[in-house]
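Visitor: I have a structure open and want to talk through its charged side chains and its pockets. Can you take me through it?
Guide: Go ahead, one topic at a time.

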Amino acid sequence: MNTTDETIRYTADVVLLAAGHVLLIERGWDPFKGRWALPGGHVDPGETSLAAAVRELEEETGITLPATEMRQVGAFDAPSRDPRGRYVSVAYTATLPTQLQPTAGDDATAARWWPLHALPDLAFDHADILASTTTG
């Protein structure tokens, strides 16, 4: 592929923490169908990455947070981070005082809290996003 013709897609991911746990969703389709991932997805036209993060969290887990509770972690743009092509994701984090009960929705087949010390193998580069959130 000619890199001058590269299409870059814009996404947002959420690292939601509570009591030593992180909220993850089980992906309902490829890539990485059946693997665990951070809630997130595409930024819609006319939408900011922050608004997309809030929307995707609610759509995939049923948990609604105000945008003011989210803190930007950074942008993740490794060319190979997604097998579908070039995706740039802006990640956000928030910490809850207690774990809220998630309800899987949208493209998530499950949503649950995982202990930070016993995580499953994560899809995409989500382990890197999580590590930068919890160590930086």
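**Salt bridges and the largest pocket**

Guide: This is a predicted model. To begin, Glu-56 and Arg-55 form a salt bridge, with the closest N and O atoms 3.1 Å apart.

Visitor: Is Glu-56 buried or exposed?
Guide: Glu-56 is buried, because its relative accessible area is 6% and the cut-off for buried is under 20%.

Visitor: Which residues are linked with Glu-56 and Arg-55 in a network?
Guide: Asp-44, Glu-47 and Glu-59 are linked with them in a network of salt bridges.

Visitor: How many salt bridges are there in the whole structure?
Guide: A search finds nine. One of them joins Asp-13 to Arg-81, with 3.7 Å between the closest N and O atoms.

Visitor: What does that pair tie together?
Guide: Asp-13 is in strand E1 (residues 8-18), and Arg-81 is in the loop between strand E5 (71-76) and strand E6 (86-96), so the salt bridge ties together parts 68 residues apart in sequence. Asp-13 and Arg-81 are both buried.

Visitor: And where do Arg-35 and Asp-121 lie?
Guide: Their side chains meet in a salt bridge at 3.4 Å, N to O. Arg-35 is in the loop between strand E2 (21-27) and strand E3 (36-37), and Asp-121 is in the loop between strand E7 (108-115) and helix H2 (126-135), so this pair ties together parts 86 residues apart in sequence.

Visitor: How accessible is Arg-35? And Asp-121?
Guide: Arg-35 is partly exposed, at 26% relative accessible area. Asp-121 counts as exposed, with 57% relative accessibility.

Visitor: Change of topic. What is the volume of the largest pocket?
Guide: About 300 Å³.

Visitor: Which residues lie nearest its centre?
Guide: Of the 21 residues lining the largest pocket, Arg-27, Gly-40, Gly-41, Arg-84 and Asp-107 lie nearest the centre.

Visitor: Which elements give two or more residues to the lining?
Guide: Those are E1, E2, strand E4 (40-42) and helix H1 (49-61). E4 gives the most, with three residues.

Visitor: What is the lining like by class?
Guide: It has nine charged, seven nonpolar and five polar residues.

Visitor: Back to Arg-27. Where is it placed, and what is its relative accessible area?
Guide: Arg-27 is in strand E2 and is buried, with a relative accessible area of 10%. A polar atom of the Arg-27 side chain lies 2.7 Å from the backbone oxygen of Pro-31.

Visitor: What else does Arg-27 touch, leaving out residues up to four places away in sequence?
Guide: Its contacts include Arg-35, Arg-84, Asp-107 and Phe-124.

Methods
Residues are numbered from 1 along each chain as its sequence is written. This is a predicted model: local features need pLDDT of at least 70, side-chain atom pairs count only at pLDDT 80 or more; totals for chains, interfaces and linings use all residues. Side-chain values use heavy atoms; hydrogens and water are left out. A salt bridge is a side-chain nitrogen of Lys or Arg within 4 Å of a carboxyl oxygen of Asp or Glu. Helices (H or I, at least four residues) and strands (E, at least two) are DSSP runs, numbered from the N terminus. Buried means under 20% relative accessible area, exposed over 50%, partly exposed in between (1.4 Å probe, protein chains only). A polar contact is a pair of N or O atoms within 3.5 Å; within protein, one must be able to donate a hydrogen and the other to accept it, and residues adjacent in sequence count only if both atoms are side-chain atoms. Contact means heavy atoms within 4.5 Å. On a 1 Å grid over the protein atoms alone, a cavity is a set of points where a 1.4 Å probe fits but cannot get out, and a pocket is an open set with protein on both sides within 12 Å along at least five of seven lines; lining residues have an atom within 4 Å of a point. Grid points are joined across faces, edges and corners, and a volume is the space filled by probe spheres set on the points. Ala, Val, Leu, Ile, Met, Phe, Trp, Tyr, Cys and Pro count as nonpolar, Asp, Glu, Lys and Arg as charged, and the others, Gly among them, as polar.
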